[in-house]
Amino acid sequence: MKKKLLWAVFSLCLSILTIHALFYNSGLSIAELSKDIKEASPVWLIPACLCMLGFIFFEGRALVLILRTLGYPAKKRRGFLYAAADIYFSSITPSASGGQPASAYFMRKDGISGVAATVSLILNLTMYTLAIITLGVLSIVFFPGVFANYDLPCKVMILIGIAMMLALTFFFILLLKNQAIILNVGNLVISVIKKFRFNAAAERAKTRLDTMIQNYNNCVQTVSGKKGLLAKTYLLNLAQRTAQIMVTVFCHYAMRGSFEQGPRVFAVQTYTVMGSNFIPVPGAVGISEYLMYYGHSALQGQDGAYSLAILSRGISFYTCSAISILTVLLGYIFIRLKKNKEASL
């Protein structure tokens, strides 16, 4: 019991230190955030907070939908945990590199095979990227003037982000369609093992690789033949991205911003997402604030843009990170308790 309590206290302290570090590294002040929240209209802050939760919820539903199609009876509440792990670890690792492995960790603990976890995460990430591209195209078509207001460095970051998303989408589709990529990488690793004369280990690795490729191919064939699944996954990811961007729109209204400016605020936030999504900085901290500040300054002045950046990022990123790590913490404690209970039987 003391050991369990120690783990819980340690994890809680780590969570608090992490959130503190996120605020400290970004230069945002908790006092400033508290002040803006007190002065904002709660009528609009409530839907902003609900959209923030929707960012986690919709990803969780998409993952559960894919896993159920692959034959795993994933529960909806576990989907929230998978998404929270992805979102939290993406926020503290460069280019969101730690999100998918963290999500896969909890899937594996729930008895989901590594292959199924990999396919579900790749498919979901593909639809996630397509959703961003969709919103970006709509913003460019309907609000080209918003993009024109950015300075050259911002435009370059946004264009690079668009190019990276298109390239990443192509790569994910190729990875799903062509299992030879995984096979070639696996064979390369096996050849390195053989060079060190670990022949027995190399043979075991080769057997596991062949089995994994076969299972991977079966999973891909299962999901690729489900057009309804692909459409639903895409729409859930579109809802996820829309929910995250709408946090800023509702914060704009909460700060007594013009109702007519709402669509332009949405466009600015879409450009912010595209320009910061692939910057190799944990959570795009600093980059997102810069793009938000510059984009919103053209709409509502520097003071209004600064306050909006603090409030909306405080809800959509920092509060979301806090809820995500709390969810991950509870999920990890539950796994430890379950493991200890099974060991005692």
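A pocket, as the word is used here, is an open set of grid points with protein on both sides within 12 Å along at least five of seven lines. With that in hand, welcome to a set of close-ups of a predicted model.

**View 1. The second largest pocket of the predicted model.** This pocket has a volume of about 540 Å³. Its lining is made up of 19 residues, and those closest to the centre are Arg78, Lys109, Asp110, Phe334 and Lys338. By class, the lining divides into 9 nonpolar, 8 charged and 2 polar residues.

**View 2. Helices at the wall of the second largest pocket.** Which helices each supply at least two residues of this lining? They are H4, spanning 76–91, and H13, spanning 287–344. The largest share belongs to H13, with 8 residues.

**View 3. An enclosed space: the largest cavity.** Rolling a probe the size of a water molecule over the atoms shows where empty space is left. How many cavities of 30 Å³ or more does the structure hold? There is 1, and the largest cavity contains about 40 Å³ of space. Around it you will find Val146, Asn149, Tyr150 and Val268, together with Tyr294, Gly295, Ala298 and Leu299. H13 gives the largest share of this lining, 4 residues. Sorted by class, the cavity lining has 6 nonpolar and 2 polar residues, and no charged ones. H13 is thus a helix to keep in sight in both settings, as it provides the largest share of the lining of the second largest pocket and of the largest cavity.

**View 4. H6 crossing H11.** Helix H6 covers residues 114–142 and helix H11 covers residues 227–254. Their axes come within 8 Å and cross at roughly 55°. Are the two helices oblique or roughly parallel to each other? Angles under 35 degrees would count as roughly parallel, and H6 and H11 are therefore oblique. Their crossing is right-handed. On the H6 side, the contact includes Leu123, Asn124, Met127, Tyr128 and Leu130; among the H11 residues they meet are Leu229, Leu230, Thr233, Tyr234 and Arg241. By class, the contact has 12 nonpolar, 6 polar and 1 charged residues.

**View 5. H4 alongside H5.** H4, already seen in the lining of the second largest pocket, also packs with helix H5, residues 99–109. The two axes come within 7 Å and cross at roughly 150°. Angles over 145 degrees count as roughly antiparallel, so H4 and H5 are roughly antiparallel to each other. H4 passes H5 in a right-handed crossing. Here Leu81, Tyr82, Ala85, Asp86, Phe89 and Ser90 of H4 meet Gly99, Gln100, Ala102, Ser103, Phe106 and Met107 of H5. The residues of this contact divide into 7 nonpolar, 4 polar and 1 charged.

**View 6. H3 against H11.** H11 returns in this close-up, now with helix H3, residues 42–69, as its partner. The pair packs at an angle of about 170°, with axes 8 Å apart. That makes H3 roughly antiparallel to H11. Is the crossing left-handed or right-handed? H3 passes H11 in a left-handed crossing. The class counts for this contact are 21 nonpolar, 6 polar and 4 charged residues.

Conventions: Residues are numbered from 1 along each chain as its sequence is written. This is a predicted model: local features need pLDDT of at least 70, side-chain atom pairs count only at pLDDT 80 or more; totals for chains, interfaces and linings use all residues. Side-chain values use heavy atoms; hydrogens and water are left out. On a 1 Å grid over the protein atoms alone, a cavity is a set of points where a 1.4 Å probe fits but cannot get out, and a pocket is an open set with protein on both sides within 12 Å along at least five of seven lines; lining residues have an atom within 4 Å of a point. Grid points are joined across faces, edges and corners, and a volume is the space filled by probe spheres set on the points. Ala, Val, Leu, Ile, Met, Phe, Trp, Tyr, Cys and Pro count as nonpolar, Asp, Glu, Lys and Arg as charged, and the others, Gly among them, as polar. Axes are lines fitted to C-alpha atoms, for helices over the stretch in contact, and angles run from 0 to 180 degrees between N-to-C directions. Angles under 35 degrees count as roughly parallel, over 145 as roughly antiparallel, 65 to 115 as roughly perpendicular and the rest as oblique. A crossing is left-handed if the near helix is turned anticlockwise from the far one by less than a right angle, and right-handed if clockwise. Contact means heavy atoms within 4.5 Å.
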